[in-house]
Amino acid sequence: RKKVEDLAQIISQYGVETHINIIPFTDVQMRIKEVTRSHEPLNGVPAEAFSTYKPLDSSIREEIESFGVTLLDDRYVMHNGIAIGGLTSGLTYPDQQPNLEFLDRFAALDAYKLLICHHPEYYPQYIRKTGINLTVSGHAHGGQWSFFGQAIFAPGQGLFPRLVRGVHDKRLVISRGMTNS
């Protein structure tokens, strides 16, 4: 049986360890669900200039999936009656918008819907109006810069962002992330 350490080594070998989130759900088989995320472009620099914005190529997808990992890039799985979906970063698409067709299909499911979405700034424009029960997000790092608890800047939101941490509308949970700073 392949080990998680082997998976980490493969991911590292492809040079994408900096833009993969592995989110474990502990069930009997210890399966892992995963959603890719992004790195933030510099202001004014088009996303296509950044290699990390490219979707994972098929060879790395196949190798990761050979470990039993389910890639939730615009896909979902059912787990104990809950639909767990992953909305891929819109930055991987030419129009830089998330896959709205997937979002509509996922929202229409007749189940409790948990959406993993890296970008909290997608919530007001794309997710709030759907029937998705809970969205978990990150990306804003609690405010890329903050001063006395006030976020000054966050990726995708700019100056004085609102969606950087906490619970919003009882349907969006934003993690500040893990850091030592």
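Which residue in S5 is the bridge partner of Arg75? In this predicted model, the answer is Gly86. That pairing is a handy way into the fold, as the strands around it belong to a sheet worth walking through.

Start with S4, which covers 75–79. It is joined to S5, residues 82–87, by five bridges, and the two strands run antiparallel. Together S4 and S5 make a hairpin with two residues between the strands, and in that hairpin Asn80 takes a positive phi near 55°. Just ahead of S4 comes a loop that connects it to S3 (69–71), and Asp73 is found there. Is Asp73 buried or exposed? With a relative accessible area of 10%, Asp73 falls in the buried class, since the cut-off for that class is under 20%. The side chain of Asp73 is not without a partner: it makes a polar contact, at 3.5 Å, with the side chain of Thr88.

Now for the other neighbour of S5. S5 also pairs with S6 (residues 112–117), this time in the parallel sense, over six bridges. Gly86 turns up again here, with Ile116 as its bridge partner in S6. So Gly86 has a partner in S6, Ile116, as well as being the partner of Arg75, while Gly85 is matched in S6 with Leu115. As for how covered S6 is, five of its six residues are buried.

Zooming out, these strands are part of an open sheet of six, ordered S4-S5-S6-S7-S12-S11, and the pairing in it is mixed. S4 and S11 (166–168) are the edge strands, each pairing on one side only. On average, neighbouring strands of this sheet are turned by 20° against each other, direction ignored. At the S11 edge, His168 is found in the strand itself. His168 is buried, with a relative accessible area of 12%. Leaving aside residues up to four places away in sequence, His168 touches Arg162, Leu163 and Ile174.

Next come the helices. H3 lies across S4, S5 and S6, and runs at about 170° to S5. Two of the residues in H3 (residues 100–107) are Phe102 and Phe106, which sit four residues apart, or about one turn of the helix. Their ring centres are 5.7 Å apart and their planes are at 20°, so this pair counts as stacked. Both Phe102 and Phe106 are buried. Another pair, Tyr122 and Tyr126, also has its ring centres 5.7 Å apart, but with 85° between the planes it is edge-to-face. Tyr122 and Tyr126 belong to H4 (residues 122–127), and because they are four residues apart, about one helical turn separates them. Tyr122 and Tyr126 are buried too. Altogether, the structure holds four aromatic pairs, and ring pairs link Tyr76, Phe102 and Phe106 into a cluster.

What does Phe106 touch, not counting residues up to four places away in sequence? The list is Tyr76, Ala83, Ile84, Gly85, Lys113, Leu114, Leu115 and Ile132. Phe106 is also among the residues that touch the most other members of the largest nonpolar core, along with Leu87, Leu103, Leu115, Ile127 and Ile132. That core has 18 residues, and S5, H3, S6, H4 and S12 (172–174) each supply at least two of them. This kind of grouping fits a general pattern: in soluble globular proteins, nonpolar side chains tend to be buried together.

Finally, there is another open sheet, made of three strands in the order S8-S9-S10, with antiparallel pairing. Its edge strands are S8 (145–147) and S10 (158–159), and each of them pairs on one side only. S9 (residues 150–154) is joined to S10 by two bridges. Across that pairing, Phe153 stands opposite Leu159 in S10.

Note on methods. Residues numbered from 1 in each chain as written. Predicted model: local features only at pLDDT ≥ 70, side-chain atom pairs only at ≥ 80, totals over all residues. Heavy atoms only, no water. Buried < 20%, exposed > 50% of the residue type's maximum accessible area, 1.4 Å probe, protein only. Polar contact = N/O pair within 3.5 Å; in protein donor to acceptor, adjacent residues only side chain to side chain. Pairing = 2+ DSSP bridges. Phe/Tyr/Trp six-rings, centres within 6.5 Å; stacked < 30°, edge-to-face > 60°. Axes fitted to C-alpha atoms, helices over the stretch in contact; angles between N-to-C directions. Contact = heavy atoms within 4.5 Å. Core = buried A, V, L, I, M, F, W, Y, C linked by side-chain atoms within 4.5 Å.
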